[in-house]
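Reader: I should be grateful for a close examination of a single part of this structure, set in the context of the chain that holds it.

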Amino acid sequence: MSDLPLDLVEEILSRVPATSVKRLRSTCKRWKAIFKDERFIEKHLSKAPKESMVLMLNGDRVCPVSVNLNIAPPAMEFEGALGLKDSQSSLEEVDIVDVFYCDGLLLCHTKDCRLVVWNPCLGETTWILGKTDDKVYSRFTLGYIQNNKSCRSYKILRGWGYFSKPQFEIYDFSSNSWRVLKDVGFDHAIDIQYHGYGSGASSSLKGNTYWVATDTKEHYEFVLCFDFTAERFKRLRLPVFQIHGEVTLSVGREEQLSALKRSSYISKIEMWVTNKKIDIESELLWSKSYIVDLPIFSYPFDIFTSLLIDAEKKVSLCCNICIVCGGNLVKIYTIGEDGEYYTETPIQGRVSHNSRPVIFNYVPSLFQFK
């Protein structure tokens with residue numbers, strides 16, 4: 001391929017999956033330059049086949065989970081942990097207490113109060129200078145905006161003081177610095193539903209972050225979105241559920257939001273998904289996926305921390321904490337449409353009270369921070 005025009009080489013490489021094409025980065029200087037070009041990375045994101053896989057934060061490590069949806073009930077197999085290396089020692093691995101996924105990148109909050117953005121596909125990390133323990137109960141999410149060259153400019157949102165005076169900062173990778181945000185549209189009537197420690201039950205879709213929140217004055221639930229372009233919060237509608245209870249939000253195939261409503265009083269759960277064309281300037285359009293009657297869960301001692309819904313195959317994976325003496329027991333529920341099947345998989349070991357297990361879809365990316 002050395003004799004081919006450079007634009008033709010780019011076109012060919014942009015259609016090869018990330019896990020395969022990453023091995024070609026060191027082929028020659030010309031190809032290495034291609035992989036560092038932001039325009040090529042954006043082209044690859046739009047043209048290469050999506051290699052969706054499942055990852056889970058279990059204890060203090062991120063582990064791949066092999067899920068076979070072609071059989072009923074689906075089969076799950078937990079693989080070896082992906083090691084996040086310490087920036088100061090290439091031999092030591094870092095303990096992770098929370099992880100937030102955004103388009104191929106993981107924003108990790110470490111046990112020793114540091115922040116790092118990790119690309120597991122390339123094995124590259126970008127550490128954020130400074131400690132995170134200067135503001136108690138801080139929560140972090142990662143997002144991006146499209147700049148004038150149609151390339152992504154990433155930012156980190158930090159929030160704290162939710163129970164007294166909510167405050168927010170944003171970290172811009174272009175300047176490698178934090179700045180205070182004011183007048184972001186967040187008021188004292190907003191109560192974000194956090195399931196445990198860390199970033200809360202938040203989800204990233206197309207560069208913006210979504211939570212389930214409650215208006216404590218008007219007493220209704222809604223989707224709270226942070227727009228990283230406008231750097232403001234916005235309220236969006238949840239679907240009209242038939243049952244009352246706890247709502248968990250998720251992202252399916254990096255295309256649409258999913259919502260699970262779990263009854264507080266009866267053994268019933270309800271699944272909804274949005275359409276694939278989400279525009280935060282307009283309201284979300286929801287459609288019911290399915291509703292299931294299942295004799296499970298010991299509410300209120302079981303807490304859903306994260307959720308995966310495959311709308312096409314009508315399958316849900318629910319990561320759940322069972323609060324017990326001496327720690328938290330983690331389980332994964334596999335639920336099929338109309339109660340066709342239901343499985344319960346306990347996860348070996350226990351997690352501490354300041355850890356929140358997370359299960360999420362992961363799509364490998366070639367993005368590199370300069």
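How many helices and strands does the chain have? Please then concentrate on the packing of helix α1 and helix α4, and on the nonpolar core to which α1 gives residues.

Author: The model is a predicted one. The chain has four helices and 27 strands. Of its 370 residues, 53% are buried. Among contacts with a separation of 6 or more, 52% join residues that lie 24 or more positions apart. The exposed area of the chain is about 17400 Å², of which carbon and sulfur atoms supply 51%.

I turn now to the two helices. Helix α1 spans residues 6–13 and helix α4 spans residues 38–47; their axes are 9 Å apart and form an angle of about 40 degrees. The arrangement of α1 relative to α4 is therefore oblique, because angles under 35 degrees would count as roughly parallel and those from 65 to 115 as roughly perpendicular. On the α1 side, the residues that take part are Glu10, Glu11 and Leu13, and they meet Phe40, Lys43, His44 and Lys47 of α4. Sorted by class, this contact comprises four charged, two nonpolar and one polar residue.

The buried residues of α4 are Phe40, Ile41, Glu42, His44 and Leu45. Their packing partners include α1, α2 and α3, and also the strands β10 (139–146) and β11 (152–160). Phe40 and His44 thus appear both among the buried residues of α4 and in the contact with α1.

Leu13 links this contact to the core. Apart from neighbours within four places in sequence, Leu13 is in contact with Val21, Leu24, Trp31, Ile34, Phe35, Phe40 and His44. The largest nonpolar core has 28 residues, and Leu13, Leu106, Cys108 and Phe360 are those that touch the most other members. Two or more residues of this core come from each of α1, α2 (18–21), α3 (29–35), β1 (53–58), β6 (96–102), β7 (105–110), β8 (115–119) and β27 (358–362). There is also a second, separate core of 18 residues, with Leu205, Leu238, Val247 and Ile278 among its members.

One further residue may be added for context. Ile347 belongs to strand β26, which covers residues 342–351. Ile347 counts as buried because its relative accessibility is 6%, and the cut-off for buried is under 20%. Between Ile347 and Phe78 there is a sequence separation of 269 residues, while their C-alpha atoms are 9.3 Å apart in space.

Note on methods: Residues numbered from 1 in each chain as written. Predicted model: local features only at pLDDT ≥ 70, side-chain atom pairs only at ≥ 80, totals over all residues. Heavy atoms only, no water. Axes fitted to C-alpha atoms, helices over the stretch in contact; angles between N-to-C directions. Parallel < 35°, antiparallel > 145°, perpendicular 65-115°, else oblique. Contact = heavy atoms within 4.5 Å. Nonpolar A, V, L, I, M, F, W, Y, C, P; charged D, E, K, R; others polar. Core = buried A, V, L, I, M, F, W, Y, C linked by side-chain atoms within 4.5 Å. Buried < 20%, exposed > 50% of the residue type's maximum accessible area, 1.4 Å probe, protein only. Areas by Shrake-Rupley, 256 points an atom, 1.4 Å probe, with all protein chains shown as cover.
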